[in-house]
Amino acid sequence: PLTQASLDAYWMPFTANRQFKQAPRLLARADRMHFWTPEGRPVLDGIAGLWCVNAGHARPRIVQAIQAQAAELDFAPPFNMGHPLAFELAGRLVEIAPKGLNKVFYTNSGSESVETALKMAIAYHRARGEGQRTRLIGRERGYHGVNFGGISVGGMVANRKMFGTLLTGVDHLRHTHDPRNLFSPGQPEHGADLADDLERLVALHDASTIAAVIVEPVAGSTGVLLPPKGYLERLRALCDKHGILLIFDEVITGFGRLGSPFAATHFGVTPDLMTTAKGLTNGTVPMGAVFTTQKIHDTFMTGPEHVIEFFHGYTYSGHPLACAAAIATLDTYAEEGLLTRAATMAEPFGAAARAMRELPNVVDVRTMGLVAGIELAPLDGQPGARAFKVFLDCWERGVLVRTTGDTVALSPPLIIEPEHVDQIFKTLTEAIRSAA
Ligand code: PMP
């Protein structure tokens, strides 16, 4: 059993978080929509673990696939060889991918997918004799993981500042969160104008030096920020105009979160590269994947300078356990219609989320598919304090939510039923009221 001594000695091996050693929130077991604490208390999962357990927890088909694979082939080196499941999975992924993204590269996480996509973009231009195209453009309030590339293109200013020297030649588009849109129903209209911010950076640096633009179609970890109407379309058009590659980071939006397999399919805008992870294996064995086009793949694999092959591959790329988990996950999504279920559940879920606007201290509610952000006013002038209080209260009341700054984020498993929607928002209502 866990002792206070080991908590004191080893806190906190998951993240660098030093808070709450005296009252750790521990999870011991999970099934479908719930976690259980070591004391046996159920907690309804309002965030799909960490935006990843899309089919719900401990699904027997996925569990069995992992167990069977561990006994059959526990590891296969990914260099100069492979194993059949990796190819089967790639084919299955391409079947549901946005049309045209028919090449897949495996990674082990969202952060690794981002690094891989950024490198691919640069490798592509180099192979075409445009080696000067190395600049990368992210967006303020974007989140792309914790590795150097992802932090550099990411829009969390505190993270960028912390490391001083990051990637050089990185710029950021204005973020999409416009306070004028607070309480606006659905997507506000000024997307195309906002995307024109890319022209500012093109004018500053010359398009011929820019390799790629990376954005989350819907920003998740920085507070569920929806793209205004026309935004992604205009970004696509501007990237085409200037020969810049467009990368969608779909680590959260991928695998059904918005009611379509990917945000790209939801919005009808296809990027040149697409990063995924999380829902790919339903949060089980760590795995990510980068999708790209035949053309980009062929260019950096067989460019004019044959030495410029794209150097990619991790020890655990396409790990057999991860591939088995992913295939069983895709089977589960297909059999239960989960990749489009958020389209149906968006109605009751979104209505319940928007009803939070009537509560005290709710500043804004943003929701689409099965994701929502409820933004609260700071508490006593302290940013994030009220949202964190609500998070703690929800945990005590048996619902797991997530906070990011002043926003309480919800992203439940896609198997959510109306009674779970009721419980989540009833609990949240009580918690927000008592944080007044
Ligand atoms: N990109 C996005 C959009 C994410 O939301 C995340 C994780 N929340 C990442 C990248 C990083 O993924 P990971 O934590 O698996 O490295």
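Author: The expected span of a helix is 1.5 Å times one less than its number of residues. The model here is predicted, and helix 16 is a case to try this on.

Reader: What should the 17 residues of helix 16 span, and how far apart are its end C-alpha atoms?

Author: Helix 16 covers residues 418–434, so at 1.5 Å a residue it should span 24 Å. Its end C-alpha atoms are 24 Å apart, which agrees.

Reader: Which residues of helix 16 are buried?

Author: A residue counts as buried if 20 or more other C-beta atoms lie within 10 Å of its own. In helix 16 these are H420, V421, I424, F425, T427, L428, A431 and I432. Viewed down the helix axis, they fall within an arc of 160°, so they line one face of helix 16. On the other side, P418, E419, D422 and S434 are exposed.

Reader: What covers the buried residues of helix 16?

Author: The cover includes helix 14 (341–354) and helix 15 (385–396), along with several strands, among them strand 11 (362–368) and strand 15 (407–410).

Reader: Strands 11 and 15 bring up the sheet. In what order do its four strands run, and is the pairing parallel or antiparallel?

Author: Strands of a sheet pair through backbone hydrogen bonds, either parallel or antiparallel. Here the order is 11-12-15-14 in an open sheet, and the pairing is antiparallel. Strand 11 and strand 14 (402–404) are the edges, each pairing on one side only. Neighbouring strands are turned by 20° against each other on average, direction ignored.

Reader: How many bridges join strand 12 and strand 15?

Author: Four, with strand 12 spanning residues 371–376. G373 stands opposite A409 of strand 15.

Reader: Which strands of the sheet does helix 14 touch?

Author: Helix 14 packs on the sheet against strand 11 and strand 12, and its direction makes about 170° with that of strand 11.

Notes
Residues are numbered from 1 along each chain as its sequence is written. This is a predicted model: local features need pLDDT of at least 70, side-chain atom pairs count only at pLDDT 80 or more; totals for chains, interfaces and linings use all residues. Helices (H or I, at least four residues) and strands (E, at least two) are DSSP runs, numbered from the N terminus. A residue is buried if 20 or more other C-beta atoms lie within 10 Å of its own, exposed if 12 or fewer, and partly exposed in between; C-beta atoms are placed from the backbone. The arc is that of the directions from the helix axis to the C-beta atoms. Two residues are in contact if their C-beta atoms, placed from the backbone, lie within 7 Å. Two strands pair if DSSP finds at least two bridges between them. Axes are lines fitted to C-alpha atoms, for helices over the stretch in contact, and angles run from 0 to 180 degrees between N-to-C directions.
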